[in-house]
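Got your viewer open and your mouse ready? Let's go for a walk, one selection at a time.

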Amino acid sequence: MTTSKKDTTSSRRRFLKTAAAGAAATVAAPTIVSAQGPISMRWQSTWPSKDIFHEYALDFAKKVNDMTGGDLKIEVLPAGAVVPAFGLLDAVSKGTLDGGHGVLVYHYGKQTALALWGSGPGYAMDANMLLAWHKYGGGKELLAKLYASIGANVVSFPYGPMPTQPLGWFKKPITKAEDFQGVKFRTVGISIDVFTGLGAAVNALPGGEIVSAMDRGLLDAAEFNNATSDRILGFADVSKVCMLQSYHQNAEQFEIMFNKTKYDALPEKMKAIIANATEAAGQDMAWKAIDRYSKDYEELQTKDKVKFYKTPDAILQKQLDIYDQVVEKKSAENPLFKEIVASQLAFAKRATQWEQDTVVNRRMAYNHYFGPNAKKKT
């Protein structure tokens, strides 16, 4: 078969034209991505800028910003910068904010079942175990169902297990359940119902408003969260008595929240980074909490002259009894509440049995090394 010079020339022209088009596409693609630039998000936390909780929010944002190489830039403002702390869910859902950092219990007024992520005894689970239930025991799906039931246009990532929170700050030590009668007390979530059941007159306030309310006499007593937050917020300026250990918030964790429309528009790779950054930030938060809370616990005693007391067992038992009554009532009123409780109980029965049988009680080791009869170590 003979190929003419004309055919050869024509083929060469077609090849060069195709190659040029391909090269143009190759060059143009990065230009298009570059033109889009990084995705920016404006967030707000539910915490004052000085609180360590706002620091945790900034830590999360930095992890995401760093891991995406700047392709996603999250800016986190403190509580009140755009909306009040308790207005975060509405603001994120409507798109006024692209996301936020807080706790699910702050949405108690929208749907009482949201408080089951941390406001209560956790059925003998700690916060880390409750997060295990969330990820592997059906909680994630139930939370999505819960938010959908109230029309919230959000994607939620519970993370950051908190240690057991104190019973609270008081004018004098609480020795019996009857001491709560008539006390003007601050708490949030299902704890509102529990402390009301104990006889307190409860007022739910954001963290940044508690100390001023105590200083002005609007509150007699209050709980917030931990030694570092409580110290930074000034609790030691209005009270010198703190009661440790309680079941009212034994298993709480934080919440990372995105506007769903904004989140759904992100590339899949970026969503994967966010999921992994959330878990990394949660573990880092737990480590930082151990370091910072223990330091401030020491300084509250040595520098601020605060006296700490263990909550009597009789009060702890009363909390459990009242909590069960509250759960029974709310389960009868709210099918989703009932469904979530059943799921938590099933997971907790298995997980806590394993924990109680497996994990050694560290009190003996603590006494051996640091107790009053411990031998001095060289």
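Which residue forms a salt bridge with Asp-193? Select Asp-193 and Lys-330 together: they are the two partners, and their closest N and O atoms are 3.8 Å apart. Asp-193 lies in helix H6 and Lys-330 in helix H12, so this pair ties together parts that are 137 residues apart in sequence. Before moving on, keep in mind that you are looking at a predicted model.

Now colour the two partners by how much of each is accessible. Asp-193 counts as partly exposed, at 23% relative accessibility. Lys-330 has a relative accessible area of 11%, and because buried means under 20%, Lys-330 is buried.

**Stop 1: helix H12**

Stay with Lys-330 and widen the selection to residues 313-333, which is the whole of helix H12. This helix has 21 residues, and from its first C-alpha to its last it reaches 31 Å, close to the 30 Å expected at 1.5 Å a residue.

Which residues of H12 are buried? Show these as sticks: Ile-315, Leu-316, Gln-319, Ile-322, Tyr-323, Val-326, Val-327, Lys-330 and Ser-331. Next, bring up what covers them, which includes helix H6 (190-197), strand E11 (307-310) and helix H13 (335-358). You've met H6 already: Asp-193 lies there.

**Stop 2: more salt bridges**

How many salt bridges does a search of the whole structure find? The count is 21. Let's visit a few.

Select Lys-63 and Asp-284, which form a salt bridge with the closest N and O atoms 3.4 Å apart. This one links distant parts of the chain: Lys-63 is in helix H2 (residues 52-67), Asp-284 is in helix H11 (residues 268-302), and the two are 221 residues apart. Lys-63 counts as partly exposed at 24% relative accessibility, and Asp-284 is partly exposed with a relative accessible area of 24%.

Keep H11 on screen and click on Lys-295 and Asp-291. Their side chains meet in a salt bridge (3.4 Å, N to O). Both residues lie in helix H11, 4 residues apart, which is about one turn of the helix. Lys-295 is partly exposed, with a relative accessible area of 47%, and Asp-291 is partly exposed too, with 37%.

For something with more partners, select Arg-231, Asp-296, Glu-299, Lys-303 and Asp-304. These residues are linked in a network of salt bridges.

**Stop 3: helix H8**

Head over to helix H8 (residues 227-233) and pick out Asp-230. What is the nearest side chain of opposite charge to Asp-230, and how far away is it? It's Arg-186, 7.9 Å away; Asp-230 is buried yet has no salt bridge. A salt bridge needs the nitrogen and the carboxyl oxygen within 4 Å.

So what does sit around Asp-230? Leaving aside neighbours within four places in sequence, Asp-230 is in contact with Pro-166, Trp-169, Phe-224, Asn-225 and Phe-235. Zoom in on Asn-225: its backbone nitrogen lies 3.4 Å from a polar atom of the Asp-230 side chain.

Phe-224, another of those contacts, is worth a click as well. Phe-224 is found in the loop between strand E8 (221-222) and H8, and is buried with a relative accessible area of 6%. The UniProt record (an unreviewed entry) places the feature "binding site" at Phe-224.

Back in helix H8, select Ile-232. Is Ile-232 buried or partly exposed? At 30% relative accessibility, Ile-232 counts as partly exposed. Leaving aside neighbours within four places in sequence, Ile-232 is in contact with Lys-50, Asp-51 and Ile-52. Add Asp-296, a member of the salt-bridge network, and draw a line between the two C-alpha atoms: Ile-232 and Asp-296 are 9.2 Å apart in space and 64 residues apart in sequence.

**Stop 4: two backbone oddities**

Most residues other than glycine have a negative phi. Let's look at two with a positive one.

Go to the loop between strand E3 (99-102) and helix H4 (127-136) and select Tyr-123. Tyr-123 has a positive phi of about 55° although it is not a glycine. At 16% relative accessibility, Tyr-123 counts as buried.

Finally, jump to the loop between strand E9 (241-244) and strand E10 (253-259), the place of Gln-245. Phi of Gln-245 is near 80°, a positive value in a residue other than glycine. Gln-245 counts as partly exposed, at 41% relative accessibility.

Note on methods
Residues numbered from 1 in each chain as written. Predicted model: local features only at pLDDT ≥ 70, side-chain atom pairs only at ≥ 80, totals over all residues. Heavy atoms only, no water. Expected span 1.5 Å × (residues − 1). Buried < 20%, exposed > 50% of the residue type's maximum accessible area, 1.4 Å probe, protein only. Contact = heavy atoms within 4.5 Å. Lys, Arg positive; Asp, Glu negative; His and termini not counted. Polar contact = N/O pair within 3.5 Å; in protein donor to acceptor, adjacent residues only side chain to side chain. UniProt positions renumbered as here; feature names shortened; annotations may be inferred.
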